[in-house]
There are 2 protein chains.
Amino acid sequence: MAENALHIIPLGGATEIGRNITAYHLGEQILVVDCGLMFPDQEMLGVDIVIPDASFLIENRAQVAGICLTHGHEDHIGALPYVLPHVPAPIYTTELTLGLVREKLKEYGLWASTEAIQVADGERVQIGDFNVEFVHVCHSIPGACSLVIRTPTGTVVHTSDFKFDQNPEDGKLTDVSALARAGDEGVLALVVDSTNVDKPGYVLSEATVREALDQVFLEASGRIIVTSFASNINRIQQVIDISQRYNRRVALAGRSMQENVRIARELGYLHVGEDTLIRLDQIEGYSPSEITIITTGSQGEPLSALTRMAMGDHRHVRIQEGDTVVFSATPIPGNEDLILRTINHLFKQGANVIDPRMHPPIHVSGHANREELKMMLNLTRPAFVVPVHGEYRHKELWRRMAGEMNYLAIHLENGDTLQVTPEEAVITEHVTAGAVFVDGSGMSGLEDAVLRDRWHLSQDGIVVVVCTVDHATGRLIAGPDVVARGAILTPELDKVTEEARRRTQEIIEALPEDGTVDWATVRTDVRRAINKLLQQTTGRRPMVVPILMEI
Amino acid sequence: MAENALHIIPLGGATEIGRNITAYHLGEQILVVDCGLMFPDQEMLGVDIVIPDASFLIENRAQVAGICLTHGHEDHIGALPYVLPHVPAPIYTTELTLGLVREKLKEYGLWASTEAIQVADGERVQIGDFNVEFVHVCHSIPGACSLVIRTPTGTVVHTSDFKFDQNPEDGKLTDVSALARAGDEGVLALVVDSTNVDKPGYVLSEATVREALDQVFLEASGRIIVTSFASNINRIQQVIDISQRYNRRVALAGRSMQENVRIARELGYLHVGEDTLIRLDQIEGYSPSEITIITTGSQGEPLSALTRMAMGDHRHVRIQEGDTVVFSATPIPGNEDLILRTINHLFKQGANVIDPRMHPPIHVSGHANREELKMMLNLTRPAFVVPVHGEYRHKELWRRMAGEMNYLAIHLENGDTLQVTPEEAVITEHVTAGAVFVDGSGMSGLEDAVLRDRWHLSQDGIVVVVCTVDHATGRLIAGPDVVARGAILTPELDKVTEEARRRTQEIIEALPEDGTVDWATVRTDVRRAINKLLQQTTGRRPMVVPILMEI
């Protein structure tokens, strides 16, 4: 390692890089930015959450000077309970993010042992050799920041999630002058969001969402049920404001919605009139035109409040004729099916449903589109661009866009160590990084082998063949028994299992009785024979597990 | 049943109704329209295809006068090999559809025994008491028809899939005058597509796609690889025409693409210059700017030609720097993840990727949008509207749209028998209908129990506990052995299985040795004990299967 070089190391995520956790390494010091989790995709069967592999930080824990958090979304703070116990460093972040982190760490019993430093917008803090300026940016949660990280080697602008909304709900604009100032001083590297690099133009302002929501309220005569991410405090503020204008009370459904609203109110990020909020069990005391419900479930999550309402399964809320349900959130790829299923059920219960595809401005993204990304590039004018928060296609589109503007962008994978000096940026090594699948109570990672087994089981089921044999003579003492799960259909079941039994018996009975049997080979023979049988009779390849018990 | 009433019975599909197969029942005669299949969704684990439950037709096979096919898409003809053997009725359809059906039935050895009648556009055929007029409509395959079904009781217009393209690729417009004529005579029921009832306005013309494709060809200097549905003959024609204009040869990848092009050419639905088509193994003989490849895989299907190319796994085609890959098809909900994964890999191999979301007019839908559906309604002016081809939300949106235009639309579920007379339309009974899951070679349906097992296995895996016991004394002879698959992570595996063994042993050893053991209860006890252990130690609930072998 070059002595005075800065190293940029994206550590988190599975297919995406660096959204969840990034390390800056300079000399003997490490600055960590964000510590988030990911949600499993369809192929991660039975996986609850995905956390970044923090081995690199754990190995170098003595060097970690601090953890800066850019905003309060789960994909930026959600892995703290898993990482902090192994990497006990002070946390630096702004007020609302700190409020959300505090709740989370309290839940895990980690708050008391955590050193947390609250930073104001625009403030600069010295963390070891890193001087970090917290620059306010617009995003889909208040209190979001980009970081200007000044080091003896040079300055990095770490944008994290941002957009340039000219008319944000809370009136707090992205601090363009702070970014421009960094650009004027000279920026070595721009570590930049790439979520919407495939979307042309600019993201519409949150103000347009307000107009669209207002129109919905104007037209609806029954209850209005709005679903959004629980962290989208500004959207929640919009819905509350408009509800008040139309003399509607507001009830909150879903634990995370209630929690986030409570924290945001306590910290002054959400303003609600004295009598506006009511409990869900109070809504029956009002006429439908006096009620707004804000609920979790915008992604069709099976256990969420909205999905329960749609299934007629919610304790307090039954969907009724005249309800208007507003989906004010973008479907995350892979969730479309679940969302459409929820919408079908809502229609069945008599609701009208307004989703972002039908009325575009009912929701806008929290991430900058292409022209905004270019604006960030023009403000900061970095020597090197490092696109993060994206899959391969995002990074590649960023690289091409930057190239057209005569900037050099560099593709990193998780774990790649980018060594940056004013002269050059080169990948010098690769550290352990990537995704750890968390499953059940186990904090240990779920291995690929287990996921492969689950995939195989999910497609074709399993057939277990059991026999008890005499170890000395190879004689069959009990069985073969055949048990199938998810593998063979009822009409064929008896015939196929009987035949499986017969073939296994044949193999065992053909063995020499002189004690020279190699049981591992027998197991393989049985597996092969049963595989072949199942392939012939059912056209399928279930997992075949032979168990030979020797006595 | 009212003697002279007409009965409309949608029979096919899982969540959608009537896309795949619809029966018209009048007196002692049944007319069948279409006979298609569906593709499984994410939760149908290991299911290969989904066919409509044809029990109603099989039970009443003697009454089936004929099967009319509206067009050659799989969701309208794909279940013929499964239904025809049980319901041997004559098939009526137009030339290209018949060509595609012939290939399919030949493959299954059913062609020789099938009576097939070719019908010309605009022709009327008498099928029992049903007089059926085949009315040409625009769709994403040539030779598509709506049916005007005239009966003694009244007339039904069965639209099937359609749109009103004013500038279709093959110049053949939707036959508005035939539809208007039916409207002038009087229409009892309009059985109508609802796929795009949630999309405002009109579908853009195929001509706009031609312009967008032309632009891509103008700009690309390397090979161009276009992926679309193999049945989208008009799109294929567009790509071939433009390729010829830019002096590119065209190679076809994917079996269904090659087959469909062959059939369409033989029947004169696709026109290709003498030297244009080359084989895939010939492309190396040309420079990249002289090559177009048209390929299957627009949905990211893992075994498709395009996905193999993206994975560097295709026999003849390796993606190279400078390739432009054009996705000219709409992602089917649920396929987005697979498609995006393919796009990542294409970028990684050096290709540029153009997908319909980035350049909207690179693909247009084959299904009418809202204003076109209204036009169909205004042309036919039916007494009753029956929206089909949709899930609940589609039918409900249709009902509301029709209501605003003072028409009455009726919600049907699969199997609902709608009795229609000029006076009224009422649901009189419900016949067996819905979806049959086909899995492997079995033609029998896949039971819910098997799917539930697969779901359970996919989430938590399986733990099998095996012992050999003495039937008479209850004494443990061999085992317990514990085998886990997809259930327990390596770090815990030894400890957990050892403990499972110990607890099972405890249960068996506590049994009375007097031959009074109830082995079913023992099995339950073992299952409970192991469930509890796994829940405590792993936080998971794998499927637990105890096997007690008695000797």
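Biologist: Two strands pair if DSSP finds at least two bridges between them, with strands (E, at least two residues) and helices (H or I, at least four) being DSSP runs numbered from the N terminus. So let's start with a strand end: which residue in strand 20 of chain A stands opposite A:Leu6?

Modeller: Residues count from 1 along each chain as its sequence is written, while chains are lettered from A and ligands numbered from 1 as written. This is a predicted model, where local features need pLDDT of at least 70 and side-chain atom pairs 80 or more, while totals for chains, interfaces and linings use all residues. Strand 1 (residues 6–10) and strand 20 (residues 416–420) of chain A run antiparallel, with three bridges between them. Facing A:Leu6 in strand 20 of chain A is A:Val420.

Biologist: And how many bridges join strand 1 of chain A to strand 2 of chain A?

Modeller: Strand 2 covers residues 22–26 of chain A, and the two run antiparallel. At one end of the pairing, A:Pro10 sits opposite A:Thr22 in strand 2 of chain A. The number of bridges joining strand 1 and strand 2 of chain A is five.

Biologist: Which residues of strand 1 of chain A are on the side with A:His7?

Modeller: Strand 1 of chain A is mostly covered, with five of its five residues buried (20 or more other C-beta atoms within 10 Å of the residue's own; exposed is 12 or fewer, partly exposed in between, with C-beta atoms placed from the backbone). One face carries A:Leu6, A:Ile8 and A:Pro10. The other face, also covered, has A:His7 and A:Ile9.

Biologist: Which strand of chain A gives the largest share of the largest nonpolar core?

Modeller: That core (buried Ala, Val, Leu, Ile, Met, Phe, Trp, Tyr and Cys joined through C-beta atoms within 7 Å) has 140 residues, and A:Tyr24, A:Val32, A:Ala189, A:Val385 and A:Val386 have the most contacts inside it. Six of the core's residues come from one strand, residues 187–193 of chain A, and this is strand 12.

Biologist: Beyond its neighbours within four places in sequence, which residues is A:Val386 in contact with?

Modeller: Contact here is C-beta to C-beta, placed from the backbone, within 7 Å. Among the partners of A:Val386 are A:Ala189, A:Leu190, A:Val191 and A:Val192. The rest of the list is A:Ile8, A:Ile410, A:Leu412 and A:Leu418.

Biologist: Now the open sheet of six strands in chain A: which strands stand at its edges?

Modeller: Its order is 15-14-16-13-17-18, with parallel pairing. Inside it, strand 13 (residues 224–227) and strand 16 (residues 291–295) of chain A share four bridges, and A:Ile224 has A:Thr292 as its bridge partner in strand 16. Two strands have a single partner strand each, so one side of each lacks a neighbour in the sheet: strand 15 (277–278) and strand 18 (352–354) of chain A.

Biologist: Over in chain B, why does B:Asp241 count as partly exposed?

Modeller: B:Asp241 belongs to helix 7 (residues 233–245) of chain B. B:Asp241 is partly exposed because the other C-beta atoms within 10 Å number 17.

Biologist: How far apart in space are B:Asp241 and B:Leu489, C-alpha to C-alpha?

Modeller: In sequence, 248 residues separate B:Asp241 and B:Leu489. From C-alpha to C-alpha, their separation is 57 Å.

Biologist: Last one: what pTM does the model score?

Modeller: For chain A, the mean pLDDT (the predictor's confidence in each residue, from 0 to 100) is 88, and 94% of residues reach 70 or more. The model's ipTM is 0.71, and its pTM is 0.79.

Conventions
Two residues are in contact if their C-beta atoms, placed from the backbone, lie within 7 Å.
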